[in-house]
Amino acid sequence: MIKIYFPDDQRPKWPTPIVALGNFDGVHRGHQKLLERVKRSAMEQKGTAVALTFEPHPSTVLRPDKAPKLLMTLDQKLEAFERAGIQGVAIVRFTPELARWEPELFVDTVLIDWLDVTEVWVGANFLFGRERAGNYTMLKALGEDRGFRTDKIDPVLYKDFAVSSSRIRRLVTEGRVDEASALSGRQFFLDGVVVEGDQRGRTLGFPTANLQTVNQLLPAYGIYATIAIVDGIYHPAVTSVGIRPTIGDDKLTVESFLLDFSGDLYGKPMRLAFASRLRDELKFDSLEALTKQMTLDAEEARRLLRQCD
């Protein structure tokens, strides 16, 4: 998969670019449908399936004080594009200046002069240009005038409501990771590196891996059944997200106890996929009570994850 940036890189030599245009945070089921349609059209026309996205996310430039925490990093998004079979990714560096562009200028400068698009696909609610003045109807009219085809996909529904990045974010922040995964088409996950903690879990018989994550969005505080992926190996795990109220240090941590695992994980990259929420984060009267509950959590996580196999 080839990656290019606007305005840094010259026009790519992509034959017949068929472009999926959007922000693609989370690359959820709706995005996947859009990417699949672009890939199919590219195959039919012997063209190039391209995803065009923006970095940073426009909301962080337009309203940084209200910008949502994102579901994915750029690297995670690129990984999802490649997994979807996209051949090229065009990344527009979003700046305050670009935010002031009228829709016509964006179409002429980026879609035509830079990419020389043959076909552009968007979601039904996609908006672009200054003050989000451009919509699908305008893009289609501009395409007819400039010589490229424009089409859209209908929203993907889940339980009678449309799948969207904002809905998935809300589910994650509420701890409803199983529902978030249903909308995403994959389990919500965090990436990061295992760092050294205070080793208190080891003294309780539950050595934990502390994840220093690159992701912005964390699930609600609580205990989760998770899958830890290290060196390509999948390990069932129990993960605590929160401030460890029984310990009393108020330090936000993401700590995972990998079931049936022993070894040194310090410094290793780890992906943590969230399967199900087990319970709220609680304050226990003693470390003995905490240890007893952790044993029950491990048993419940093992049972739930076995059902997911």
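In which helix is the place of H31? H31 has its place in helix 1 of this predicted model, and the sections below set that residue beside the helices, the strands and the salt bridges around which the description is built.

## The chain as a whole

The chain contains 10 helices and 14 strands, and its C-alpha atoms fill a box of roughly 70 × 40 × 40 Å when the box is taken along the principal axes. Of the 309 residues in the chain, 50% are buried. Among contacts between residues at least 6 apart in sequence, 72% join residues that are at least 24 apart.

The accessible surface of the chain comes to about 15400 Å², and 49% of that surface belongs to carbon and sulfur atoms. As for charge, the chain carries 41 positive and 43 negative charges, and the mean positions of these two sets are 2 Å apart.

## H31 in helix 1

H31 counts as buried because its relative accessibility is 13%, which falls under the 20% limit for that class. Leaving aside the neighbours within four places in sequence, H31 is in contact with F24, D25, G26 and S165. S165 is itself one of the buried residues of helix 7 (residues 165–173), and helix 1 (29–44) is in turn among the elements that cover the buried residues of helix 7.

## Helix 7 and its buried side

The buried residues of helix 7 are S165, I168, R169, L171 and V172. They cover an arc of only 165° around the axis, and they therefore lie on the same side of helix 7. The cover over these residues includes helix 8 as well as helix 1. After helix 7 comes G175, a residue whose phi is positive, near 85°.

## Helix 8 and L183

In helix 8, the buried residues are V177, A180, S181, L183 and S184. Seen down the axis of helix 8, these residues fall within an arc of 160°, so they line one face of the helix. The elements covering them include helix 1, helix 7, strand 7 (157–158), strand 8 (161–162), strand 11 (222–230) and strand 14. Helix 8 is followed by G185, and the phi of G185 is positive, near 85°.

How buried or exposed is L183, which is found in helix 8 (residues 177–184)? L183 counts as buried because its relative accessibility is 0%. Leaving aside its neighbours within four places in sequence, L183 is in contact with H28, R29, Y158, F161, V163, R167, I168 and L171. Two of these contacts, I168 and L171, also appear among the buried residues of helix 7. With V163, L183 shares a C-alpha separation of 6.0 Å, although the two residues are 20 residues apart along the chain.

## Salt bridges

The structure holds 20 salt bridges, and three of them are described here as examples. R271 forms a salt bridge with D191, in which the closest N and O atoms are 2.7 Å apart. This pair links distant parts of the chain, since R271 lies in strand 14 (residues 269–279) and D191 in strand 9 (residues 189–195), 80 residues apart. R271 counts as buried because its relative accessibility is 18%, and D191 counts as buried because its relative accessibility is 15%. The side chains of D297 and R279 also meet in a salt bridge, with a distance of 2.8 Å from N to O. D297 lies in helix 10 (residues 287–308) and R279 in strand 14, so this pair ties together parts that are 18 residues apart in sequence. D297 is buried, with a relative accessible area of 5%, and R279 is likewise buried, with a relative accessible area of 14%. Salt bridges that share partners join E79, R83, D191 and R271 into one network.

The third example is the salt bridge that R146 forms with D145, where the closest N and O atoms are 3.0 Å apart. R146 is partly exposed, with a relative accessible area of 32%, whereas D145 counts as exposed because its relative accessibility is 59%, which is over the 50% limit for that class.

Definitions and conventions. Residues numbered from 1 in each chain as written. Heavy atoms only, no water. Salt bridge = Lys/Arg side-chain N within 4 Å of Asp/Glu carboxyl O. Buried < 20%, exposed > 50% of the residue type's maximum accessible area, 1.4 Å probe, protein only. Helix = DSSP H or I, 4+ residues; strand = E, 2+ residues; numbered from the N terminus. Contact = heavy atoms within 4.5 Å. Areas by Shrake-Rupley, 256 points an atom, 1.4 Å probe, with all protein chains shown as cover. Lys, Arg positive; Asp, Glu negative; His and termini not counted. Charge placed at Lys NZ, Arg CZ, Asp CG, Glu CD. Arc of directions from axis to C-beta.
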